[in-house]
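These are my notebook entries on one structure. I record what I looked up, entry by entry.

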Amino acid sequence: MKKYDYVIVGAGRAGSSAIKGVRKEDQEGSILLVGKEEQVPYNRPPLSKELLLGDKTVEEIKIEDEKYYTERGVELELGTEITEVDPDKNQVTDDQGKSYKYGKLLLATGGSPRTLDIPGGQLDEVNYYRYLDNYQLLRGQLNEASRAIVIGGGFIGSEITAGLNLNDIEVSMIFPEDFLLERVLPKELAAIIQGDYEDRGVSVVKGDKPTRIRKNSDGLEVKTEEGRLLQGDLLVAGIGISPEVELAKTAGLEVYDGVEVDATLQTSEPDIYAAGDNTYFPFSALDESTRVEHWDNAKSQGEVAGENMAGASKLYDYVPYFFSDLFDFGFEAVGDVRSELDNFIDWKKKGKKGVGYYLSKDGKVRGVLLLGVWGAKGDARDLIKSEENFSREDLVGMIG
Ligand SMILES: Cc1cc2nc3c(=O)[nH]c(=O)nc-3n(C[C@H](O)[C@H](O)[C@H](O)COP(=O)(O)OP(=O)(O)OC[C@H]3O[C@@H](n4cnc5c(N)ncnc54)[C@H](O)[C@@H]3O)c2cc1C
């Protein structure tokens, strides 16, 4: 049985970064990177943005090219799923029954798309959008299609809708909330963006849910709770992800809403670490444990986990950000931006450019949303890390 100093399970953003982290501390140790997908690690954000708009090619979304791994002495096992972890033997086993010993193990297994538990929810034509394969399926459909149904009003659904609209596809977008991105954006902004979608011809079906999907002579038909019938030539669903925690469970690790780790990203088993979308970690600046489903968190957490697996004892105290582009609205957000928090926008240019602040009950800044305001993530982080209490008036003009 082959033995590696480091085995990384999950060849995504966090898994790829872990290699950089390990090599900062240990230039010699052997590394195996195992990934269920066939591709070398690639960035997912362009799947719903630049690739759809033709601004990038598939080749350009690779995180690193193949040479990067060879040069760092990393062995790749792609198209391979790890199905079991045995922490007593420091051993993992793949779907072919092949086992590998590890010195340290990283679980960077990310998340899997949630699916619709309704009749037709499992049809092959329902494109639960997360992987390159999902993009390729959609790309193949674009030449023939003129109408699309998009289920979900979160980031994936909203970005895909914008991308399809810009490809001259007529989109019906359905979600149960009153506004798209309602759980994140201040209501005022969500309403503005939704208005923009409608002005551009998107049919926004809000406050409604699909109850059945079926194929008919006219393509795909979605029946809704309110009795609507939506018709499309293709269907994309973005209704959230579930953290991939099955392996952690087989290993007997502590799992809550994700694999539980301490501030060094170590799980309840000392030789096993976790990073990325699957990880429930202490977010020090917010003083709470949480799980974050964003690119920058996966990138930086993977790197710190790699360093710590190789002997460093760094605390993960970074405040990650996320970004999105929705037609002409581009934003970055730092910290906790749940719209259920007290929030308001300090407009720099009404409806176009501004800074959203999300506050705790006692006036601490939990999150900052930067709409069209660039280069201010550092200021946002400083505010979130500060222990000060602010009133809305104090914050106006503070950033941007
Ligand atoms: C379409 C799309 C657009 C996005 N846009 C943005 C954005 O604009 N901004 C932003 O901040 N974030 C965005 N995200 C989220 C961001 O891409 C994720 O947060 C990030 O990819 C998480 O990285 P990860 O390495 O934790 O997990 P993943 O990227 O999910 O990678 C995990 C990998 O592990 C593999 N795996 C799982 N289990 C096993 C196993 N047992 N054995 C082997 N391999 C396994 C999976 O197949 C997968 O390849 C977007 C995501 C999607 C899907």
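**Entry 1: Leu370 and the cores.** I began with Leu370 and listed its contacts beyond four places in sequence: Phe331, Glu332, Ala333, Val355, Ala376 and Ala380. I note that the model is a predicted one. I then looked up the largest nonpolar core, which holds 61 residues. Val236, Val368 and Leu370 are the residues with the most contacts inside this core. A second core, separate from that one, has 46 residues, and among them are Ala14, Tyr280, Trp295 and Tyr316. I add the general remark that nonpolar side chains tend to be buried together in soluble globular proteins.

**Entry 2: the chain as a whole.** I counted 10 helices and 26 strands in the chain. How compact is the chain for its length? Its radius of gyration is 22 Å and the globule rule gives 21 Å for 400 residues, so the chain is as compact as a globular protein of that length. Along the principal axes, the C-alpha atoms fill a box of roughly 60 × 60 × 35 Å. I find 42% of the 400 residues counted as buried. Of the contacts with a separation of 6 or more, 63% are between residues 24 or more positions apart.

**Entry 3: domains.** The domain assignment lists domain 1 (2-112 + 241-309), domain 2 (115-237) and domain 3 (328-395). I took the centres of domain 1 and domain 2 over C-alpha atoms and found them separated by 30 Å. Their contact involves 11 residues from domain 1 and 11 residues from domain 2. Which element gives the most to the domain 1 side? Helix 2 (residues 50-53) does, with three residues. By class, I find seven nonpolar, two polar and two charged residues on the side of domain 1 that touches domain 2.

**Entry 4: the ligand shell.** I find 36 residues around the ligand, and the closest are Gly10, Gly12, Gly110, Gly276 and Ala298. By class, the shell divides into 15 nonpolar, 11 polar and 10 charged residues. Helix 1 (13-25), strand 2 (31-35), helix 8 (295-309) and strand 22 (321-326) each supply at least two residues of the shell. Where does the ligand lie with respect to the domains? Domain 1 and domain 2 both give residues to the shell, so the ligand lies between them.

**Entry 5: helix 1.** I returned to helix 1 to see how far it is enclosed. I find 10 of its 13 residues buried, so helix 1 is largely enclosed by the rest of the structure. The buried residues are Arg13, Ala14, Gly15, Ser16, Ser17, Ala18, Ile19, Gly21, Val22 and Arg23. They pack against strand 1 (2-9), strand 2, strand 3 (74-78), strand 6 (99-107) and helix 8.

**Entry 6: positive phi values.** I recall that most residues other than glycine have a negative phi. I therefore noted Asn90, whose phi is near 50°, and Leu265, with a phi of about 75°. Asn90 is in the loop between strand 4 (82-86) and strand 5 (91-94). Leu265 is in the loop between strand 18 (258-260) and strand 19 (272-274). Is each of these residues buried or partly exposed? Asn90 is partly exposed because 18 other C-beta atoms lie within 10 Å, under the 20 that burial requires. Leu265 has 29 such atoms within 10 Å and is buried.

**Entry 7: two valines in strands.** Val205 lies in strand 11 (residues 203-205). With 22 other C-beta atoms within 10 Å, Val205 is buried. Setting aside neighbours within four places in sequence, I find Val205 in contact with Ser172, Met173, Ile174, Thr224, Arg228 and Leu230. I also took the C-alpha distance from Val205 to Asp178, which is 9.0 Å across 27 residues of sequence.

Val255 is in strand 17 (residues 255-256). Val255 counts as partly exposed because it has 19 C-beta neighbours inside 10 Å. Not counting residues up to four places away in sequence, Val255 touches Val245, Ala248, Lys249 and Glu260. The C-alpha atoms of Val255 and Gly311 are separated by 24 Å, with the two positions 56 residues apart along the chain.

Key
Residues numbered from 1 in each chain as written. Predicted model: local features only at pLDDT ≥ 70, side-chain atom pairs only at ≥ 80, totals over all residues. Core = buried A, V, L, I, M, F, W, Y, C linked by C-beta atoms within 7 Å. Buried ≥ 20, exposed ≤ 12 C-beta atoms within 10 Å, placed from the backbone. Contact = placed C-beta atoms within 7 Å. Domains from an automatic or database assignment. Helix = DSSP H or I, 4+ residues; strand = E, 2+ residues; numbered from the N terminus. Nonpolar A, V, L, I, M, F, W, Y, C, P; charged D, E, K, R; others polar. Near = placed C-beta within 6 Å. Rg over C-alpha atoms; globule rule 2.2 N^0.38 Å.
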